[in-house]
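Hello,

Here is the structure I promised to pass on. Please open it first, then read my notes below.

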Amino acid sequence: MELTLSILIGFMIVGALFAIHAGDLLSAVITTGIVGYSLVIAFLLLKAPDLAIVQIVIETITLIIMVAVVLDSTREELKVKNDFKSYANILLSLIFSAVLLFFFLESISGLNLFGEHTLRMSEAYITEATEKTGSINLVTGVLFDFRGYDTLGEATILFAAALGVLTVLRIKSKK
Amino acid sequence: MIVYILCFILFLVGLYGIITRRNLIKIVISLSIMEFSVFLFLVLIGYIDSGVAPIVDPGNPTEKYVDPLPQAMVLTAIVIGLATTAMLLAIAIRLYRKYKTFDIREINNLRG
C-alpha cells in the first residue's frame, strides 16, 4: 500500500515538475491534469470515494476553465533570459525548501506511522453518526449535520467567488 | 513515513514554481499543486490499515473505518480550492487584457 502510494506520488511530482517547466502554456495546463487525476486515484486507494468523486468533477471544471483562459489569451510561454534575479529566486526557493523540510521532518516525528492512525474524536462520529443523523455515509453525516454551518460557509464562499469572477470580468477598461 | 515526505516534496515543488516562475498562469498552476499536496496529506493522516471506506453497511457493521473527519474537511477545502482558482484566473485574464502579457515583472513595470 505504502509502495503503491509512493509510486503514485512520485508520478505526481514528475507531472508537477513538467507542468512548471513546460515550454507551452497549453501543455502545462494539460499536465496539471496528471497531478489532479492522480490525486483521484490516490483518494480511491485511501478509501475516500466521496473525495474521489468531488475531485474528479472539480478537476475537470478547473481544466476546462484553464484551457478556456489559455485559448482566450496566449499559449506562448515567456521567452526570458536567466538573469541575476532569477538565479537569486532559485537559490531562495531552495533555501526555503531546505528550511521547511527540516521543520516538517521535526513535526511529523510526533505523528503515528502511516496506516496506524488512532481515532480520538472521530470515535463518536463513527459509533453514533448513523443513528443521530440517519445517514449511512459518515462523511455526509459529518459534513451536512454535525458541521452544517461549515457547509453553509462553503456555499457562501462559492457564491462570493462566482460574484467576484463575474464582477472582475465585466468591468470596462478605462482606456 | 516515506509517503508523508514525498507528499511534502510535492508541496515544495509547488512553492518552487511560485517563487521562480514569471508567468501568471504557471503561478496559478503551482498554487493548485500546493493545494493538492495538502489535501493528500490530510487524507494520508486519516488512513488506517485494513480499514474500510466510512460508509456503514446496516446489515453487517464493522468496527474499522478510516477516519471520516479529515475526509469531510478536505471535501470542503476542495470546493473552496475551485473558487480561489477561478478567482485567480479571472484576475489573470483581466491583467492580460490590460497589459497584453502574463509576465509579472513587466506588469510591475507598466504599473500606473
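What follows is a short tour of the contact between two chains.

This is a predicted model: local features need pLDDT of at least 70, side-chain atom pairs count only at pLDDT 80 or more, and totals for chains, interfaces and linings use all residues. Residues are numbered from 1 along each chain as its sequence is written, while chains are lettered from A and ligands numbered from 1 in the order in which they are written.

**The interface**

The contact takes 80 residues from chain A and 72 residues from chain B. Two residues are in contact if their C-beta atoms, placed from the backbone, lie within 7 Å. On the chain B side, helix 1 (2–20), helix 2 (24–45) and helix 3 (68–99) each supply at least two residues. Helices here are DSSP runs (H or I, at least four residues), numbered from the N terminus. Helix 3 of chain B gives the largest share of that side, 24 residues. By class, the side of chain B that touches chain A has 52 nonpolar, 11 polar and nine charged residues. Ala, Val, Leu, Ile, Met, Phe, Trp, Tyr, Cys and Pro count as nonpolar, Asp, Glu, Lys and Arg as charged, and the others, Gly among them, as polar.

**Helix 3 against helix 3**

How do helix 3 of chain A and helix 3 of chain B lie, roughly parallel or roughly antiparallel? Helix 3 of chain A covers residues 49–72, and its axis comes within 10 Å of that of helix 3 of chain B, crossing at roughly 5°. Axes are lines fitted to C-alpha atoms over the stretch in contact, with angles from 0 to 180 degrees between N-to-C directions. That makes the two helices roughly parallel (angles under 35 degrees). Among the contact residues are A:Ile58, A:Ile61, B:Ile78 and B:Leu82. This contact has 16 nonpolar, four polar and two charged residues.

**Helix 6 of chain A**

The axes of helix 6 of chain A and helix 3 of chain B come within 9 Å and cross at roughly 55°. The pair is therefore oblique (neither under 35, over 145, nor 65 to 115 degrees). The contact includes A:Leu138 and A:Val142 on one side, and B:Leu69 and B:Leu75 on the other. By class, it has eight nonpolar, one polar and no charged residues.

Helix 6 of chain A (residues 138–146) also holds A:Asp145. A:Asp145 is partly exposed, with 15 other C-beta atoms within 10 Å (20 or more would be buried, 12 or fewer exposed). Its C-alpha atom is separated by 9.4 Å from that of A:Ser135, 10 residues apart along the chain.

Best wishes
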